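Good morning, and thank you for coming. I would like to take you through one model step by step, beginning with its DNA.

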2 protein chains.
Amino acid sequence: MNKIDWKIITALQQNARLTNQELAQIVGLSPSPCLRRVRKLEDSGILRGYQAQIDQTLYGLPVTVFVSIKLERQTDHAIRAFEQAIQDLDEVQECYLMTGPRDYFLRVVSDSLQSYERFVRERLTRIEGIASIESSFAFNQVKQKPRLPPPPTLE
Amino acid sequence: MNKIDWKIITALQQNARLTNQELAQIVGLSPSPCLRRVRKLEDSGILRGYQAQIDQTLYGLPVTVFVSIKLERQTDHAIRAFEQAIQDLDEVQECYLMTGPRDYFLRVVSDSLQSYERFVRERLTRIEGIASIESSFAFNQVKQKPRLPPPPTLE
DNA sequence: ACCCTGATTGGCAGATTCTGCCAATTCAAT
DNA sequence: ATTGAATTGGCAGAATCTGCCAATCAGGGT
């Protein structure tokens, strides 16, 4: 990966629907080598995909909650069971395995506090092996930066 | 917004580089009304944009940290100053204003723990008005779902 | 049941873009 | 300088985009 690849990645993070011609112009190549580089980045896995950004509030899901979860025990079985259960919950947008006192960390979306309460009571707490759940509510999103800093390998 | 719009949004969340023809076929329309709907969703702001998903580890930024921040006072001035400062930090990928004991919640990326420490010491703590900082480290991402549940207005 | 109106759709066609192939160029190492 | 591998630019047929127009559809009022 070199400077041109980095430019490609930066440009596509800001607008994944750029045409190959536009992209080529931005990074200073002609279209065909530019397309080849994009394909290579895709094949290598660095470019994992392209996704539309949705305005959650306008879409109808204005509530964002961060949830810390602790398991009763960290056996292999309990971990796998929990992670599998989480995959099936549509409201869970992201899930991280954490260091420290909390085991998992989730970002959950919902249309209202009522719905979120129902989600916790009827879905989350039904998962086996959960010791505790702690919810933190977001007022709003202050920043969402679709752009990573340059990787250390570039400098 | 109706069922077709929802299909469009779902499809574009999974692959934002679908051609209009492919998208039209998926949602069961011919290309031209499909394109019109996409434009309308863009104009309305529901479709905020399209971004490439990057594999952070392959890219060279394997460390993800969630940071809770408390301000000394919640005056209008302090809040604005903090939010402005945050906008300029490339390492901060997301920032939320929170309810509860913590004021802000950040997702920060870094290439190593050393770099992260430097980031905290040389950048974060230099921002005026911060009372406390608490870092939680992620081992890895267990789930990343590029798909929202159907909005309540559809059911 | 009928008509009327506004919204939505499908098809068409010129303009644009994509993308595989090949020759030319660049660059690094000897 | 010379060689060879990697990368590039240009080309052209195929595919796609996208604005326009007529046809269709939904549903409200009489």
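**The surface near DNA strand C**

At least two residues of the surface near DNA strand C come from each of helix 2 (20-27) of chain A, helix 3 of chain A and helix 3 of chain B. Helices here are DSSP runs of H or I with at least four residues, numbered from the N terminus.

Before going further, please note that this is a predicted model, in which local features need pLDDT of at least 70 and side-chain atom pairs count only at pLDDT 80 or more, while totals for chains, interfaces and linings use all residues. Residues are numbered from 1 along each chain as its sequence is written, chains are lettered from A and ligands numbered from 1 in the order in which they are written, and side-chain values use heavy atoms, with hydrogens and water left out.

Which residues come nearest to DNA strand C? Of the 15 residues around this strand, they are A:N20, B:S30, B:S32, B:R36 and B:R37. A residue is near a strand if one of its heavy atoms lies within 4 Å of it. By class, the surface near DNA strand C has four nonpolar, six polar and five charged residues. Ala, Val, Leu, Ile, Met, Phe, Trp, Tyr, Cys and Pro count as nonpolar, Asp, Glu, Lys and Arg as charged, and the others, Gly among them, as polar.

Sugar or phosphate supplies 57% of the atoms of DNA strand C within 4 Å of the protein, and bases supply the rest. Let us turn to polar contacts, which are pairs of N or O atoms within 3.5 Å. A phosphate oxygen of DNA strand C is 2.8 Å from a backbone N or O atom of A:N20. Another entry in this list is B:R37, with a polar side-chain atom 2.9 Å from a phosphate oxygen of the strand. For B:K40, an N or O atom in the side chain is 3.5 Å from a phosphate oxygen of DNA strand C.

**The surface near DNA strand D**

Around DNA strand D there are 15 residues, of which A:S30, A:S32, A:R36, A:R37 and B:N20 come nearest. Of the atoms of DNA strand D within 4 Å of the protein, 59% belong to sugar and phosphate. A polar backbone atom of A:S30 lies 2.9 Å from a phosphate oxygen of DNA strand D, and for B:N20 a polar backbone atom lies 2.8 Å from a phosphate oxygen. What does A:S32 meet with a polar side-chain atom? Its partner is a base oxygen of DNA strand D, at 2.7 Å.

**Domains of chain A**

Finally, chain A is divided into domain 1 (3-52) and domain 2 (56-137), with bounds from an automatic or database domain assignment. The C-alpha centres of these two domains lie 34 Å apart.

Key. A polar contact is a pair of N or O atoms within 3.5 Å; within protein, one must be able to donate a hydrogen and the other to accept it, and residues adjacent in sequence count only if both atoms are side-chain atoms.
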